[in-house]
Amino acid sequence: MGLGAHIYSAHQEKGLCTRHRTATASPMKLLPFLVLISSLLDYGCTSASCNMTCHKDARCEVQGGTTGCYCSQGYTGNGITFCNDDNECENATQPCGEHANCTNTVGSYFCMCVPGFKSSNGQQTFVPNDGTSCVDVDECINEGTVACGDHAKCENVDGGFNCSCKEGYQPSTGKLQFKPNDGTSCQENPKAKCELYKDCITEHINRTLAGISHLKTPLEMLQEINKNTLGPLLPVDVISYVEALSYSLLNTMHYSVSDNEALRNTTINVLVNTVNNFLQKDKITVWEALPVDNQRQSLTKLLHTAEQATLLMSQNFKKTTQLDANASDIALKVFAFDSHHMKHIHPHVYVGGDYIKISPKKREESYPNGTVAVVFLWYSNIGSLLSSPKNHSSKDTSEQRQTVSSSVIAVAISSNPPTLYELEKITFTLKYAKTADKDIKCAFWNYSADTMNGNWATEGCELTHSNSTHISCKCNHLTHFAVLMSSGGSVGVTNYNILTRITQLGIIISLICLSMCIFTFWFFSEIQSTRTTIHKNLCCSLFLAELIFLIGINMNNNKLFCSITAGLLHYFLLAAFAWMCIEGIHLYLIVVGVIYNKGFLHKNFYVFGYVSPAVVVGISAALGYKYYGTTEVCWLSTKNNFIWSFIGPACLIILVNLLAFGVIIYKVFRHTAMLKPEVSCYENIRSCARGALALLFLLGATWIFGVLHVVQGSVVTAYLFTIFNAFQGMFIFIFLCVLSRKIQEEYYRLFKNVPCCFGCLR
């Protein structure tokens with residue numbers, strides 16, 4: 001609007017806006033000032049003499065050259081009769097930004113961060129566009145401020161936090177994630193204490209089956225198992241839920257397969273996702289925690305269940321069907337067709353760089369009416385579970401360690417009638433990781449559907465082509481296929497049987513020899529001394545250890561009995577080491593010439609020989625009683641390095657004896673002229689030291705070879721440990737009795753009066 005328009009408008013509106021003009025000012029000099037004033041008046045001005053009655057939340061202003069009542073900022077209306085508050089929080093989308101709430105006030109509004117977030121400027125409230133944002137509050141940064149409860153941990157998430165139970169505990173309400181004070185507490189998980197003994201496994205299998213028994217359809221059972229296996233699993237969970245999966249599908253599906261195609265498709269997809277829950281990469285460590293036999297049986301049952309359940313559901317497709325169901329670590333493909341389409345359908349699958357195809361036998365005559373279902377299954381991660389373990393049991397049926405270096409791919413066929421679709425050959429190409437100096441084979445998993453025990457075999461399969469990345473094979477039968485690489489260095493079934501016989505024979509001979517040692521040291525009065533007392537107690541400890549080993553080492557079906565057996569073995573073997581240590585100390589006292597009270601010394605020897613092992617076993621049992629006895633043998637578990645409760649004290653005793661013998665050897669060979677009167681002669685001391693060193697070598701070498709076998713697992717260390725361990729009683733009898741001149745004389749006196757023996761002795 002021009003200058004003239006403003007002036008005339010002001011006159012016409014009877015003093016709406018009062019203009020003060022200086023009379024002496026020149027109009028031309030005032031022109032820039034008036035232009036500025038005019039531009040401001042275009043926005044609006046309040047008339048000092050406005051005679052209009054406006055609403056209390058309005059002002060009388062000129063806006064755009066028009067005088068009127070205008071509602072104040074934050075209000076909307078005609079300005080005269082009403083001015084309603086604007087709700088800025090409803091009229092705009094997220095005016096405060098993310099993670100913030102908008103609060104309307106009369107004529108204005110303000111912003112506040114939602115719970116779990118705080119403003120970046122530290123103020124409780126803020127206005128938009130002032131640079132303030134809402135950032136997450138880490139409630140778990142100070143555990144003391146979040147009361148998740150005992151045995152629970154805090155996990156921060158955007159806008160809040162969750163509580164979850166620590167390993168070995170489970171939520172009382174079944175909720176994996178919970179909030180404080182919602183009634184959830186963390187209780188000790190009884191499964192965590194299950195050391196996979198038969199009774200424990202049976203109990204949890206029955207409990208798991210009872211949990212799904214009320215569900216009526218295979219799909220409902222599958223969905224329940226799928227839900228329960230999504231999160232972390234314990235080893236006993238793997239066994240229990242595999243059994244439940246097998247029961248819910250193979251036992252119930254035979255009489256409850258639905259004709260509803262959509263329902264069947266859904267069931268197959270849920271099956272794939274459920275099996276995938278067991279075989280994801282993060283679950284492999286749980287499988288590896290299982291003993292080899294349980295691991296392979298459960299895994300074989302899982303593969304068998306997936307294959308057979310899919311075949312059962314695929315037989316009822318009413319039309320030609322191809323169905324794909326994929327998950328992160330498993331893929332499934334189904335071909336279902338009738339006899340009229342057999343010539344046009346060539347079942348095959350290409351997945352993850354692997355390819356497999358089946359070729360049926362050609363028929364001269366026409367095909368009878370019928371249906372065919374072909375199922376392909378591909379597993380990416382189970383190769384390591386079906387390989388021979390690194391320190392695998394000698395019971396393995398192969399002389400060589402076998403490693404699966406590819407994915408595992410399976411094919412199964414069902415036809416009605418059974419002769420409708422007969423297999424000629426299966427060809428497959430698998431991607432594999434080549435390793436130098438390894439024997440590469442095409443292999444299949446050969447298992448019994450009754451026992452679920454299996455092993456890799458190569459019969460009926462041959463290698464047709466290979467390069468550095470792929471291998472092509474041809475087989476004449478169905479099952480699960482993989483690329484197998486073999487290497488030496490393991491103890492096979494032949495060696496295992498030999499080692500078992502050596503152990504049994506050696507322990508029987510050792511028990512006989514140790515009993516003869518005990519008889520000798522106990523009843524020959526002429527040889528009684530502190531040294532024979534030490535040998536007598538050492539032989540008694542070893543005799544009881546060998547006897548317990550022979551009777552109870554494989555009694556692992558009963559957890560309590562197995563734990564007691566392991567505890568007794570631990571005690572008596574430590575007692576044998578303790579008496580060996582006492583012999584070294586006794587020789588040291590003799591050589592250095594310490595004067596001692598014989599009765600007092602014997603009393604302390606007995607305390608050290610029998611009480612100190614009891615203290616070690618008692619402390620070990622208090623800290624880790626569940627590690628006494630394993631699922632394979634009744635001995636100390638290697639979990640959490642518990643085996644060091646035996647190896648540690650044994651190594652310490654060996655070290656102490658070596659130091660003592662070092663001093664003894666020095667004294668004997670350097671100071672023979674200064675020997676004390678109680679030592680009869682140099683030869684006597686040397687003989688004692690020689691016998692003690694022999695004992696140290698025997699007991700020490702035995703367990704050195706044992707540790708080496710655990711670490712290396714070779715045939716040589718297996719034989720060395722077995723021979724030294726089984727025959728140590730015989731070696732002790734030879735060193736302490738047969739080679740002792742005094743004992744030879746005692747036996748001569750004993751048998752010279754026996755007519756049948758006198759001739760031989762003479």
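**Close-up views of H477, S119 and P418**

**View 1. Surroundings of H477 in the predicted model.** Leaving aside neighbours within four places in sequence, H477 is in contact with L423, I426, F444, E459, G460 and C461. One of these residues, E459, has its backbone oxygen 2.9 Å from a polar atom of the H477 side chain. H477 itself belongs to the loop that runs between β25 (470–475) and β26 (479–487).

**View 2. S119 and the residues around it in the predicted model.** S119 is part of strand β7, which covers residues 117–119. Its relative accessible area is 9%, and because buried means under 20%, S119 is classed as buried. The side chain of S119 is engaged in a polar contact with the side chain of N121, at a distance of 3.0 Å. When residues up to four places away in sequence are not counted, S119 touches C113, F126, T132 and S133.

**View 3. P418 in its loop in the predicted model.** P418 is located in the loop between β20 (408–416) and β21 (423–431). The relative accessibility of P418 is 67%, and since the class of exposed residues begins over 50%, P418 counts as exposed. The view also includes T371, which stands 47 residues from P418 along the chain, while the C-alpha atoms of the two residues are separated by 9.5 Å.

Key:
Residues are numbered from 1 along each chain as its sequence is written. This is a predicted model: local features need pLDDT of at least 70, side-chain atom pairs count only at pLDDT 80 or more; totals for chains, interfaces and linings use all residues. Side-chain values use heavy atoms; hydrogens and water are left out. Helices (H or I, at least four residues) and strands (E, at least two) are DSSP runs, numbered from the N terminus. A polar contact is a pair of N or O atoms within 3.5 Å; within protein, one must be able to donate a hydrogen and the other to accept it, and residues adjacent in sequence count only if both atoms are side-chain atoms. Contact means heavy atoms within 4.5 Å. Buried means under 20% relative accessible area, exposed over 50%, partly exposed in between (1.4 Å probe, protein chains only).
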